[in-house]
Amino acid sequence: MDDNKLYIKNMVCPRCIMVVKAELTRLGIETQSVELGEVTLRQKLGEDKKKQLNETLHALGFALIDDKKSRLIEQVKNLIIELVRQENSNLKVNLSDYIADRVHHDYSHVSNLFSEVTGSSIEKYFIAQKIERVKELLVYDELSLSEIANMLNYSSVAHLSAQFKKVTGFTPSYYKQIKEKKRKALDEI
């Protein structure tokens with residue numbers, strides 16, 4: 001393991017990166033880069049500083065990840081979140097190829113590990129992320145259902161609607177009407 005890399009659980013958005021960067025700066029920890037789930041340090045952290053950072057991150061809803069399996073799972077989750085949330089995203093790519101290429105592991109190994117650790121398949125996690133994105137877009141009320149379906153690479157509005165209802169129990173139009181039904185935070189999916 002690279003001693004200058006830290007892996008952080010629950011970093012799921014640009015705001016998370018800003019918060020983690022601010023805390024690292026506040027603690028006097030110099031970084032080369034801060035990305036979703038990963039920080040590259042200028043120098044190795046001592047155990048005391050690492051413990052202090054872990055406590056600070058924990059208070060903010062993050063956590064340092066030490067074992068390889070957890071790091072790989074977190075990397076897969078972050079890849080899926082990035083994929084679903086990109087504007088003009090690459091959702092037309094084959095998910096298994098996309099993940100395997102980026103994590104540099106055989107997809108069947110990653111898929112089995114993901115299921116074993118999370119209790120859910122990568123595909124179910126991907127669908128859950130897409131549905132949360134649909135909820136968000138429905139609440140914003142800026143795009144039609146057809147535009148949302150196209151944006152998230154659904155084969156049709158009917159396919160999006162069927163998957164949405166299967167996951168949420170509501171049709172997209174009903175969901176749009178009841179808006180008070182809260183969306184889930186990305187790290188709770």
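The charged end of Lys 130 sits over the ring of Tyr 154, 4.1 Å from its centre; such a placement requires NZ of Lys or CZ of Arg within 6 Å of the ring centre and within 35 degrees of the ring normal. The model is predicted, with local features requiring pLDDT of at least 70 and side-chain atom pairs pLDDT 80 or more, while totals for chains, interfaces and linings use all residues. Residues are numbered from 1 along each chain as its sequence is written, and side-chain values use heavy atoms, without hydrogens and water.

**Sheet**

An open sheet of four strands follows the order β2-β3-β1-β4 with antiparallel pairing. Strands (E, at least two residues) and helices (H or I, at least four) are DSSP runs numbered from the N terminus, and two strands pair if DSSP finds at least two bridges between them. At the edges lie β2 (31–35) and β4 (63–65), each pairing on one side only. Neighbouring strands are turned by 25° against each other on average, direction ignored; axes are lines fitted to C-alpha atoms, for helices over the stretch in contact, and angles run from 0 to 180 degrees between N-to-C directions. Strand β1 (residues 5–9) is joined to β4 by three bridges, and Lys 9 has Ala 63 in β4 as its bridge partner. Helix α1 (residues 14–26) packs on the sheet, touching β1, β2 and β3 (38–41), and its direction makes about 155° with that of β2. Contact here means heavy atoms within 4.5 Å.

**Core and helix α4**

The largest nonpolar core (buried Ala, Val, Leu, Ile, Met, Phe, Trp, Tyr and Cys residues joined through side-chain atoms within 4.5 Å) has 51 residues; Val 20, Leu 53, Ile 80, Ile 99 and Ile 122 have the most contacts inside it. Helix α3 (residues 68–85) gives the most to this core, with eight residues. Beyond residues up to four places away in sequence, Ile 99 touches Val 76, Ile 80, Tyr 107, Val 110 and Ile 122.

In helix α4 (residues 95–103), the buried residues are Leu 95, Tyr 98, Ile 99, Ala 100 and Val 103, and they pack against α3, α5 (107–118) and α6 (122–140). Buried means under 20% relative accessible area, exposed over 50%, and partly exposed in between (1.4 Å probe, protein chains only). His 104 follows α4 with a positive phi near 60°.

**Aromatic pair**

The whole structure holds three aromatic pairs, with ring centres of Phe, Tyr or Trp (its six-membered ring) within 6.5 Å; planes under 30 degrees apart count as stacked, over 60 as edge-to-face and the rest as tilted. Phe 164 and Tyr 175 form an edge-to-face pair, 5.5 Å centre to centre with 70° between the planes, linking parts of the chain 11 residues apart.

| Residue | Helix | Relative accessibility |
|---|---|---|
| Phe 164 | α8 (residues 157–168) | 0%, buried |
| Tyr 175 | α9 (residues 172–177) | 1%, buried |
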